[in-house]
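Welcome! Take a moment to turn the structure around on your screen, then read on for a short guided tour.

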Amino acid sequence: MDILVLPGDGIGPEVVAQAVPVLKAVLGGAATFEEAPIGGAGVKAAGEPLPAATLELARKADAILFGAAGLPGDELGPRHLRPGGGLLKLRRELSLYANFRPAVMFPELIGASSLKPELVVGLDIMVLRELNGDIYYGTPRGISQDPAGFRVGVNTMRYTEPEIERIAHAGFKAARERRKKLCSVDKANVLETMVLWRETVAKVAKQYPDVELRNLYVDAASMELLRAPRQFDVILAPNMFGDILSDAAAMLTGSIGMLPSASLGGDAGSGARGLYEPVHGSAPDIAGKGVANPLAAILSAAMLLRHSAGRAEDAARVERAVRAVLARGLRTADLWQPGCEKVGTAAMGSAVLQALR
Ligand code: IPM
Ligand code: MG
């Protein structure tokens with residue numbers, strides 16, 4: 001299989017450099033790797049956050065391992081040069097609409113959670129975020145001037161019925177493979193787009209009578225996530241609410257440095273082409289210091305093995321290697337606690353590789 005590696009910005013290159021050897025160790029000669037610039041690195045190399053050559057390679061690849069995109073002060077520059085825009089365009093160009101963000105509590109890290117241990121022990125949530133629609137892509141958008149001369153900012157929350165249907169199917173299917181509970185998040189008490197979301201999810205639900213569907217408004221969902229997170233199995237969310245809730249869910253597990261993700265297209269089932277990335281982003285404040293946690297990138301590589309390479313066994317092996325290293329007490333700075341051994345990015349990556357072998 002062809003794997004495209006997009007290290008990107010900030011800590012992206014550092015963490016990806018630890019995940020690639022894991023893929024090579026598992027896949028050996030069965031995979032070829034290519035690398036290309038994206039984000040700020042894309043702007044630097046080719047004048048745009050998603051260079052045409054990078055997109056071309058992405059279209060041909062079976063799977064993409066992505067680091068991070070973003071630099072400090074991003075929001076200040078012109079929109080077409082914003083690093084994050086490269087990622088947003090890639091998601092949409094490849095129709096990667098189903099973004100799986102698992103938040104799993106590793107028993108070794110229970111003390112690192114910001115919640116009491118009894119609330120997060122055994123936590124295993126799958127946030128399924130819609131990734132191709134919503135206010136992220138809706139038009140009209142922009143900043144203009146109103147007749148009175150004041151500047152006005154506009155974005156549009158927009159979903160079509162087919163867009164909601166396909167992500168709802170992905171959600172019910174994912175729930176079926178798990179504990180058969182789906183919580184759909186919306187804001188149907190205020191927004192018409194979200195009324196359509198709720199109605200469409202309810203319609204799709206009829207095809208999955210074995211899955212229990214619950215609806216929550218996003219404000220209540222965020223509260224419940226902090227109050228009693230173990231009530232959730234699969235959380236199905238529109239793009240923007242999913243962005244927010246997945247960061248919150250991530251933090252329950254101790255560190256956002258632990259969370260992988262998979263963005264899938266097709267029927268979002270096994271064998272689908274996918275983009276795999278750590279949820280944490282570019283973290284410019286610690287970039288280049290060799291202290292970033294590479295485990296989210298390594299766990300993203302495991303998701304690649306499971307979803308795009310059809311190697312569920314190997315994926316589980318990588319996940320076990322990560323746990324073994326944590327059990328030995330190795331921790332990067334984001335997770336370090338007294339009594340543990342503090343290690344940098346490269347040492348953590350090598351330890352996982354060693355455990356894998
Ligand atoms: C994420 C990030 C991105 C998003 C940014 C970097 C564009 O926050 O993947 O969660 O908002 O989707
Ligand atoms: Mg985010």
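## The shell around the ligand

Sorted by character, the shell residues around ligand 1 comprise 4 charged, 1 nonpolar and no polar ones. You can pick them out by name: Arg-91, Arg-101, Arg-129, Tyr-136 and Asp-243 surround ligand 1. Tyr-136 is the nonpolar member in this count, because Tyr is classed as nonpolar and Arg and Asp as charged. Please keep in mind that this is a predicted model.

## Contacts and cover

Let's look at the arginines next. The side chain of Arg-91 has an N or O atom 2.7 Å from an oxygen atom of ligand 1. For Arg-101, a polar side-chain atom is found 2.8 Å from an oxygen atom of ligand 1, and an N or O atom in the side chain of Arg-129 is also 2.8 Å from a ligand 1 oxygen. On its own, ligand 1 has 320 Å² of accessible area, and the protein covers 74% of it.

Where does ligand 1 sit? The space that ligand 1 takes is the largest pocket.

## Aromatic pairs

Searching the whole structure turns up 2 aromatic pairs. One of them brings together Tyr-159 and Trp-197: the ring centres are 5.3 Å apart and the planes meet at 55°, so the pair counts as tilted.

Which parts of the chain does this pair tie together? Tyr-159 belongs to the loop between strand E7 (151-154) and helix H6 (161-176), while Trp-197 is in helix H7 (residues 192-205), so the parts tied together are 38 residues apart in sequence.

## A loop with two backbone details

Now visit the loop between strand E5 (124-130) and strand E6 (142-145), where you will find Pro-140. The peptide bond that joins Thr-139 and Pro-140 is cis, with omega about 0°.

Asp-134 is in the loop between E5 and E6 as well. Its phi is positive, about 75°, although Asp-134 is not a glycine.

How values were computed
Residues are numbered from 1 along each chain as its sequence is written. Chains are lettered from A and ligands numbered from 1 in the order in which they are written. This is a predicted model: local features need pLDDT of at least 70, side-chain atom pairs count only at pLDDT 80 or more; totals for chains, interfaces and linings use all residues. Side-chain values use heavy atoms; hydrogens and water are left out. A residue is near a molecule or strand if one of its heavy atoms lies within 4 Å of it. A polar contact is a pair of N or O atoms within 3.5 Å; within protein, one must be able to donate a hydrogen and the other to accept it, and residues adjacent in sequence count only if both atoms are side-chain atoms. Accessible areas come from the Shrake-Rupley method with a 1.4 Å probe; for residues, only the protein chains shown count as cover. On a 1 Å grid over the protein atoms alone, a cavity is a set of points where a 1.4 Å probe fits but cannot get out, and a pocket is an open set with protein on both sides within 12 Å along at least five of seven lines; lining residues have an atom within 4 Å of a point. A molecule sits in a cavity or pocket if more than half of its atoms lie within 2 Å of its grid points. Rings of Phe, Tyr and Trp (its six-membered ring) pair if their centres lie within 6.5 Å; planes under 30 degrees apart count as stacked, over 60 as edge-to-face and the rest as tilted. Helices (H or I, at least four residues) and strands (E, at least two) are DSSP runs, numbered from the N terminus.
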